[in-house]
Amino acid sequence: MSALPFEDTTDFDNADRGFIGALIPGVVEAADGRVVYDNDAYAFLKGECPDTAHPSLWRQAQLCSRQGLYEVTEGIYQIRGLDLSNMTLVEGERGVVVIDPLLSAETAAAGLALYREHRGDRPVTGMIYTHSHGDHFGGSRGVLPRGTEDGVPILAPAGFLEHAVSENVYAGNAMTRRATFMYGDRLPKSPEGQIGAGLGMTTSTGTITLIPPTVDITETGQEETVDGVRIVFQLTPGTEAPAEMNFLFPDHRALCLAENATHNMHNILTPRGAVVRDARVWARYLDEAVEYFGDSYDVAFASHHWPTWGNDNVVAFLTAQRDLYAYLHDQTLRMLNDGLTAPEIAEQIQLPPALEKTWHTRGYYGSASHNTKAIYQRYLGWFDGNVAHLWEHPPTELARRYVDVAGGADAALEKARGYADAGDLRFAATLLNHVVFAEPSRTAARELLAQVYERLAHGAENGPWRNFYLTSAAELRHGPHSITMDTTNPEMAMALTTDMLLDSVSIRIDGPRAWDENLTIDLVLTDEGARHRLTLHNGALTHRTLTGEPRTPAGLTLTLTKPQLLGVLAGKGLDGVTTEGDPALLTRLFSYVTQPDPGFPIVTP
């Protein structure tokens with residue numbers, strides 16, 4: 001820790017630069033009075049770092065907890081500290097172009113109101129989504145309420161909607177459940193509890209919305225003008241998100257780096273789960289940005305953290321970020337090809353001293369440990385080649401056998417206590433986890449494991465690791481909690497294509513119960529001019545778009561609009577829907593559709 005330059009206050013100077021005013025109090029509420037974001041809860045960070053926090057993570061939290069409206073350069077402003085991400089506002093000829101409207105409509109609306117309080121009541125005349133993660137589009141209705149979006153261009157990288165859906169709908173329930181561990185939004189905000197997430201403080205818990213893009217950015221070099229504001233784009237697919245882009249405001253000499261370069265090591269694979277990112281491509285696009293945008297900017301800003309001013313400083317920043325991801329990728333491949341497994345690589349990886357001592361490459365959000373495992377996974381998958389790992393028992397059965405080998409639960413518990421007392425918290429956690437999975441009702445094991453997780457949390461430099469450990473401790477003591485955030489609400493659903501909506505039904509079919517079912521339903525969408533055929537056969541619900549008259553009749557045909565389809569899928573019946581055939585087929589189909597458990601256990605069986 002002594003090697004880190006704590007005396008360097010450049011980040012603090014930059015984080016405070018351009019401050020205009022804060023939201024007071026720094027609390028955002030939903031319409032029903034429920035608090036969806038509370039930045040004031042982090043006031044304790046003004047104090048000295050306690051022994052319950054890693055000093056480097058405490059410093060990062062102090063920086064990320066800055067809240068308010070900031071000027072980036074003339075005509076460009078940012079809202080920071082009102083959600084996990086930043087919202088940027090670029091003033092145009094008639095109004096303001098919004099970049100990345102946060103995660104929740106409530107926080108986005110509060111941020112826009114703060115901007116208007118200081119800069120005037122400008123209308124929103126354009127919106128840009130930098131990439132396909134929810135904290136960069138979820139608040140869209142907070143800045144463009146229904147009825148105000150007509151004629152407002154909404155720009156996004158090619159493939160945005162497909163990837164936004166695959167993350168937030170297809171695997172949304174599991175990711176959202178795990179995200180509560182990663183961001184620790186339900187943990188108490190305190191020196192012993194949640195002190196941030198590295199990338200920001202935490203996620204808001206308001207209403208997630210999505211207004212579909214109207215303009216696709218399909219190639220690097222594409223230029224668009226929105227409300228008189230010129231923008232030059234660089235597509236960066238496969239970096240921090242499958243669909244992402246950097247872009248330059250040439251008249252402002254300002255460069256937006258989306259989430260491709262932030263003031264921390266990022267994730268190659270997030271602990272909440274996602275598609276594994278390509279560290280090699282990520283590094284190459286950062287290198288391309290250095291060359292492509294050249295000396296055409298004086299400041300660079302991103303969708304998280306604070307800007308970097310000065311062209312030379314930005315080039316140095318991008319160069320170090322490039323080298324970070326290239327090094328992680330190449331060294332993982334070098335060791336992988338020498339036969340090392342993912343855990344072995346994670347244990348051996350060591351960053352170059354220059355990167356170790358650079359604040360913005362520290363592992364506050366991603367970590368070298370889990371990033372190298374992700375790179376291994378991208379190339380070789382979960383199997384390490386050792387056949388002993390090819391067909392292991394599932395966790396509960398494996399745990400029972402480990403506990404038996406240890407001489408029973410009592411003996412295993414005492415041995416785990418000994419490892420914990422000796423400071424080997426990693427193996428104590430492994431052994432205690434087996435005891436808990438073997439005998440989940442054993443209170444002493446759960447409490448001791450919770451204590452071990454707390455000790456691991458308090459020593460973690462990585463924000464998500466700390467939050468995972470602390471949330472796991474809370475679940476061991478109090479049981480799973482339910483999720484209040486809904487990523488499949490009507491606003492999100494309306495943004496999906498019909499194919500995506502039908503996919504969201506297919507992935508919830510209880511296959512074994514539907515093995516012997518055989519039914520066909522046609523959906524004639526009058527507002528789309530399309531006919532979709534659904535077939536449930538061998539436990540699989542498939543669908544395709546038909547051209548012309550069908551060769552074989554369906555058992556049921558529904559003629560309806562897309563809003564009516566949403567109502568049908570939500571179980572609101574067939575009012576106003578024209579039917580031909582046997583309506584009972586729809587009831588049979590829905591009888592196989594399951595509802596995922598939003599509070600499934602993670603640290604217990």
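## Aspartate 100 and its loop

Aspartate 100 sits in the loop that links β7 to α3. This is a predicted model, and in it the residue has a phi near 60°, a positive value for something other than glycine. As background, most residues other than glycine have a negative phi, and most peptide bonds are trans. Aspartate 100 is also buried, because its relative accessible area is 0%, where under 20% counts as buried.

The elements around this loop are worth a look. β7 covers residues 96-99 and pairs with β8, residues 124-128, in the parallel sense, with 4 bridges between them. Within that pairing, valine 97 faces glycine 126 of β8. On the other side of the loop, α3 takes up residues 105-119 and lies across β1, β4, β5, β6, β7 and β8, at about 40° to β6.

## The sheet under α3

So what is the order of the strands in the open sheet? It goes β1-β4-β5-β6-β7-β8-β9-β10, which makes 8 strands with mixed pairing. The edges are β1 (19-21) and β10 (215-217), and each of these pairs on one side only. On average, neighbouring strands here are turned by 25° against each other, ignoring direction.

## Histidine 136 and its surroundings

Stay close to aspartate 100 and you run into histidine 136, since the two are in contact. Histidine 136 belongs to the loop between β8 and α4 (140-143). Is histidine 136 buried or exposed? Buried: its relative accessible area is 0%.

Its side chain makes a polar contact with the side chain of histidine 131 at 3.3 Å, and a polar contact of 3.3 Å also joins it to the side chain of histidine 304. Leaving out neighbours within four places in sequence, the contacts of histidine 136 include Ser85, Pro101, Leu102, Tyr129, Thr130, Glu259 and Ser303.

Next along the chain from histidine 304 is histidine 305, found in the loop between β15 (299-301) and β16 (308-309). Histidine 305 has a positive phi too, near 70°. With a relative accessible area of 6%, histidine 305 is buried.

## A cis proline and a hairpin

Back towards the start of the chain, the loop between β1 and β2 (27-29) holds proline 25. The peptide bond from isoleucine 24 to proline 25 is cis, with an omega near -10°.

After that loop, β2 runs antiparallel to β3, residues 35-38, and 3 bridges join the two. Valine 27 has aspartate 38 in β3 as its bridge partner. β2 and β3 make a hairpin with 5 residues between them, and glycine 33 in the turn has a positive phi of about 90°.

## The chain as a whole

Zooming out, the protein chain has 20 helices and 21 strands. Its radius of gyration is 25 Å, close to the 25 Å that the globule rule gives for 605 residues, so the chain is as compact as a globular protein of that length. The C-alpha trace spans about 75 × 70 × 50 Å along its principal axes.

How much of the chain is made up of buried residues? They account for 56% of the 605 residues. Of the contacts between residues at least 6 apart in sequence, 71% join residues at least 24 apart. The accessible surface comes to about 25000 Å², and 51% of that belongs to carbon and sulfur atoms.

How values were computed. Residues numbered from 1 in each chain as written. Predicted model: local features only at pLDDT ≥ 70, side-chain atom pairs only at ≥ 80, totals over all residues. Heavy atoms only, no water. Pairing = 2+ DSSP bridges. Axes fitted to C-alpha atoms, helices over the stretch in contact; angles between N-to-C directions. Contact = heavy atoms within 4.5 Å. Buried < 20%, exposed > 50% of the residue type's maximum accessible area, 1.4 Å probe, protein only. Polar contact = N/O pair within 3.5 Å; in protein donor to acceptor, adjacent residues only side chain to side chain. Rg over C-alpha atoms; globule rule 2.2 N^0.38 Å. Areas by Shrake-Rupley, 256 points an atom, 1.4 Å probe, with all protein chains shown as cover.
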